[in-house]
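Please look through the sequence and the structure shown below before reading on. The paragraphs that follow go from the whole chain to its helix packing, then to its core, and end with two lysines.

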Amino acid sequence: MKEVAELNKLSITSFTKLEQKLLFGVLVKCREQKGGVEIELKADDLMHFINQHGNTTKQNLLDIVMNLYNNFFKLHFEIIKEQGNLKCISYYNLFSFFKIYYEKNKTHQNNNLIKIKLKVNDDCAYLLYEITNKLQTQFEIEELALKTQNELQEPSNKG
C-alpha cells in the first residue's frame, strides 16, 4: 500500500512573524511528545516561543493564538492511499482538538490568554516531523532572503 500526505500546499508566508514563531514552537513541542497525549502550554511557554516577553501582552498573545488557529489549525491534510487498482483520498485535521483558555472580564474586552490545550490526531502524528522540517526550511529561506536584503541596503564602506 502506498501512502502520500499532501504537504505541498502548506505555506506560512501569509502569517505574521510572531504567528510563524508560535506555530513552529507549538509543533516542535507536539513532535517531542509521544502520540495520543494532551499537551498543555501556558501563556509563558507560548511567550517563550515568540521571544517577546517585554513587547507582547497576554491580550496580544490571545489575538495571535486566535489568528494562528484560524489560519493553520483548521487546515486539513489530504492523505492518498493506493492499494492495487484502488485509490482512497482521506482528509484529516492535524489536531483532534485545540482549546484556548483565557480570563473573561465583565466588559468582554482585553481578555488575557492563560493557556492552550491540544492533542495531535493519532492518524496524523507522523506528519509532525515532515511539517516541522518544511516550516524550518521556510524559516531558513525567509531569514536568508531578509539577510540578503539587509546586506544590499547597507552602504558600502569601500572608499
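**From the whole chain to two lysines**

Buried residues account for 34% of the 159 residues in the chain, and it should be kept in mind throughout that the coordinates come from a predicted model. The accessible surface of the chain amounts to about 10300 Å², and carbon and sulfur atoms hold 48% of that area. The chain contains 4 helices and 6 strands, which follow one another from the N terminus in the order β-α-β-α-α-β-β-β-β-α. If one takes the contacts between residues at least 6 apart in sequence, 64% of them join residues that are at least 24 apart.

The helix packing can be followed from α3, which spans residues 58-73. How do the axes of helix α1 and helix α3 cross? The axis of α1 (residues 17-32) comes within 10 Å of the axis of α3, and the two cross at roughly 75°; because angles of 65 to 115 degrees count as roughly perpendicular, α1 and α3 are described as roughly perpendicular to each other. On the α1 side the contact is made by Leu-18, Glu-19, Leu-22, Leu-23, Val-26 and Leu-27, and on the α3 side by Ile-64, Val-65, Asn-67, Leu-68, Asn-71, Phe-72 and Phe-73. By class, the residues of this contact divide into 10 nonpolar, 2 polar and 1 charged.

Helix α2 (residues 43-50) also packs against α3, at an angle of about 75° and with the axes 11 Å apart, so α2 is likewise roughly perpendicular to α3. From α2, the residues Ala-43, Asp-44, Leu-46, Met-47 and Ile-50 take part, and they meet Lys-58, Leu-61, Ile-64 and Val-65 of α3. The residues of the contact of α2 with α3 comprise 7 nonpolar and 2 charged, with no polar ones.

In soluble globular proteins, nonpolar side chains tend to be buried together. The largest nonpolar core here has 34 residues, of which Val-26, Leu-27, Leu-46, Phe-72, Leu-94, Phe-95 and Ile-116 touch the most other members. At least two residues of this core are supplied by each of α1, β2, α2, α3, β3 (76-83), β5 (95-102), β6 (113-120) and α4 (127-153), and the most come from α3, which gives 7 residues. Leu-46 can serve as an example from this core: once its neighbours within four places in sequence are left aside, Leu-46 is in contact with Leu-22, Val-26, Leu-41, Leu-61, Val-65, Leu-113 and Ile-116.

The last step concerns two lysines in strands. Lys-42 belongs to strand β2 (residues 38-42), whereas Lys-115 lies in strand β6. Is Lys-115 buried or exposed? Because buried means under 20% relative accessible area, Lys-115 at 18% is buried, while Lys-42, at 45% relative accessibility, counts as partly exposed. Not counting residues up to four places away in sequence, Lys-42 touches Ile-114 and Lys-115. With that same exclusion, Lys-115 touches Glu-40, Leu-41, Lys-42, Ala-43, Lys-99, Ile-100 and Tyr-101. Lys-42 is also separated from Leu-113 by 71 residues in sequence, yet their C-alpha atoms are 8.4 Å apart in space.

Terms used. Residues numbered from 1 in each chain as written. Predicted model: local features only at pLDDT ≥ 70, side-chain atom pairs only at ≥ 80, totals over all residues. Heavy atoms only, no water. Buried < 20%, exposed > 50% of the residue type's maximum accessible area, 1.4 Å probe, protein only. Contact = heavy atoms within 4.5 Å. Axes fitted to C-alpha atoms, helices over the stretch in contact; angles between N-to-C directions. Parallel < 35°, antiparallel > 145°, perpendicular 65-115°, else oblique. Nonpolar A, V, L, I, M, F, W, Y, C, P; charged D, E, K, R; others polar. Core = buried A, V, L, I, M, F, W, Y, C linked by side-chain atoms within 4.5 Å. Areas by Shrake-Rupley, 256 points an atom, 1.4 Å probe, with all protein chains shown as cover.
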